[in-house]
Amino acid sequence: MIQKLAEPLTLPCGAVLSNRLCKSAMTEGLADEFNRATERHVKLYRRWSHSGCGLLLSGNIQVDRWHLERPGNVAIDGRNGGEAQLAAYARAGTEAGNHLWAQISHGGRQTPYVVNPQPMAPSSVAIDMADLPGFKTGQPREMTEAEILDVIERFANAARVVREAGFTGVQIHSAHGYLLSQFLNPLVNRRTDAWGGSLENRARLLLEVVRRVRGAVGADFPLSIKLNSSDFQRGGFTNAESAQVVQWLNDIGLDLLELSGGSWEQPSLIGMTFHADQGVDAPRESTIRREAYFIDYAARIRQIARMPTMVTGGFRSAAAMNAALEAGEMDVVGLARPLVAEPETARALLAGASHVARPEAVLDPMHGQSWYYVQLLNLGDGLDVDADLAGPDASARLLENEARAAAALQSR
Ligand SMILES: Cc1cc2nc3c(=O)[nH]c(=O)nc-3n(C[C@H](O)[C@H](O)[C@H](O)COP(=O)(O)O)c2cc1C
């Protein structure tokens, strides 16, 4: 059963992934006050380069310094420099001959208040979620058309910069409620111009970004997007709409489509729900029984997709990973939390391990994410994972870290 995970994959652009295991994107919070990469990225990604994964994705790198997802994000926005640091990061992260792709994103309304009290969004619709520490956001303002066109250029520029820095591919983040996902979501995109309304209009920004990025990096460079298989909210972007968007993406030439789901309002991406009503795509019992959260939705999209697909979220056993690959439901397994808990997980899987670590199963959900964030800070410092870290201590340390990073941003 190990063979399928170990099989190489040739992408449409000609690049080859050495196996089917990918470390999916995880925000690191390790940038300096100018949102430049640091030595801590170098340490973290050097370790992951030797983890056994054929593909690593960076944590989200923002295309606008005023629209981050946390204060310690790396940003590429024309004036903040940091090219040499990015190159060092890319070099370390590809040391073992694996791929390292940069995930590029724009926070939109999911920009923390401490970064920008009035972020841009498709429409002026505030986030509907409890005020969790670290997740306070401002009332967004509707973007002008000039700002929309500027965002397209920013994605293209960031893609060009990461290619020059030595990343071996690029992924456009269009999932999890960030700006491109906000445009797709009718609950957030209430526009009545060419960028809102029909699905064709809501998808216009994503498709334009993908086309411009492809033009910027060329046909031989791996290009991926991360897309929600559904927002899992009544009135949000649905699985059927996601399939239609993939049909349109077929014509542009993508190398890997990563499927996930949810947003800050509805964190399905990590197997949680804040709103009981999950809309028309609410998981059925048969789906809940499968460990990977989105595999049933992704299998439907796989019927339409002409590019390879990857599914991320919940995979914890080699049997489930191999079965989904064998059944042709997807081509690549995305793993995130297991590669924090045990950074060499991919190597273990390829050597025959049957399961990966899942500390989230025993952590209080209120502190689960903090635990992973803090472990990434530890790994960035060259330390090992602190397996004994208690959830409340992780949350306290994270809040302190984020406050320090926000203060540093404000003082620059
Ligand atoms: C600490 C942490 C940070 C994350 N940051 C990002 C991110 O920057 N971009 C992204 O697309 N997804 C991000 N995610 C979501 C993961 O890529 C992945 O979709 C999710 O954790 C489900 O996979 P898993 O069950 O293997 O952890 C993050 C998840 C975690 C736990």
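The following paragraphs lead from the overall fold of the chain to one strand and its surroundings, and then to an arginine and a pair of cysteines.

The model is predicted. Its protein chain contains 15 helices and 13 strands. The C-alpha trace spans about 55 × 45 × 45 Å along its principal axes. For 412 residues, a compact globule would have a radius of gyration near 22 Å, and the 19 Å of the protein chain agrees with this. Of the 412 residues, 61% count as buried. Contacts also reach across the sequence: among those between residues at least 6 apart, 71% join residues at least 24 apart.

Strand β11, comprising residues 256-260, offers a point of entry into the interior. This strand is mostly covered, with 5 of its 5 residues buried. In a regular strand, side chains alternate between the two faces of the sheet. In β11 both faces are covered: Leu256, Glu258 and Ser260 are buried on one side, and Leu257 and Leu259 are buried on the other.

Strand β11 has pairing partners in β10 and β12. With β10 (residues 223-228), β11 pairs in the parallel sense over 5 bridges. Within this pairing, leucine 227 stands opposite leucine 259 of β11. The connection from β10 to β11 passes through helix α8 (residues 239-250), forming a β-α-β crossover that is right-handed. Strand β12 (residues 309-312) also runs parallel to β11, and 3 bridges join the two. Here leucine 257 of β11 stands opposite threonine 309 of β12.

Beyond the strand, the path continues to glycine 262, which is placed in the loop between β11 and α9 (285-289). Which residues surround this glycine? Leaving aside neighbours within four places in sequence, glycine 262 is in contact with His176, Gly177, Asn228, Ser230, Asp231, Phe232, Ser268 and Leu269. Glycine 262 has a relative accessible area of 0% and is therefore buried. Asn228, one of its contacts, belongs to the residue range of β10. Leucine 223, by contrast, lies 22 Å from glycine 262, C-alpha to C-alpha, at a sequence separation of 39 residues.

Leucine 223 leads in turn to arginine 214, which is placed in helix α7 (residues 204-217). Is arginine 214 buried or exposed? Its relative accessible area is 12%, so arginine 214 counts as buried, the cut-off being under 20%. A polar atom of the arginine 214 side chain lies 2.7 Å from the backbone oxygen of phenylalanine 221. Not counting residues up to four places away in sequence, arginine 214 touches Ala219, Phe221, Leu223, Gly253, Leu254 and Asp255. Phenylalanine 221 thus appears both in this list of contacts and as the residue whose backbone oxygen faces the polar side-chain atom.

The cysteines remain to be considered. The structure holds 0 disulfides. Cysteine 22 is in no disulfide, and the nearest cysteine sulfur, that of cysteine 53, is 6.7 Å away. Why is there no bond to cysteine 53? A disulfide is a covalent bond between the sulfur atoms of two cysteines. The sulfur of cysteine 53 has that of cysteine 22 as its closest cysteine sulfur, but because the distance is 6.7 Å, the two are too far apart for a bond; a disulfide requires sulfur atoms within 2.5 Å. Cysteine 22 is buried, with a relative accessible area of 1%. Cysteine 53 likewise counts as buried, at 3% relative accessibility.

Definitions and conventions:
Residues are numbered from 1 along each chain as its sequence is written. This is a predicted model: local features need pLDDT of at least 70, side-chain atom pairs count only at pLDDT 80 or more; totals for chains, interfaces and linings use all residues. Side-chain values use heavy atoms; hydrogens and water are left out. Buried means under 20% relative accessible area, exposed over 50%, partly exposed in between (1.4 Å probe, protein chains only). Helices (H or I, at least four residues) and strands (E, at least two) are DSSP runs, numbered from the N terminus. Two strands pair if DSSP finds at least two bridges between them. A crossover is right-handed if, with the strands pointing away from the viewer, the path from the first strand over the helix to the second runs clockwise. Contact means heavy atoms within 4.5 Å. A polar contact is a pair of N or O atoms within 3.5 Å; within protein, one must be able to donate a hydrogen and the other to accept it, and residues adjacent in sequence count only if both atoms are side-chain atoms. The radius of gyration is taken over C-alpha atoms; the globule rule is 2.2 Å times the number of residues to the power 0.38.
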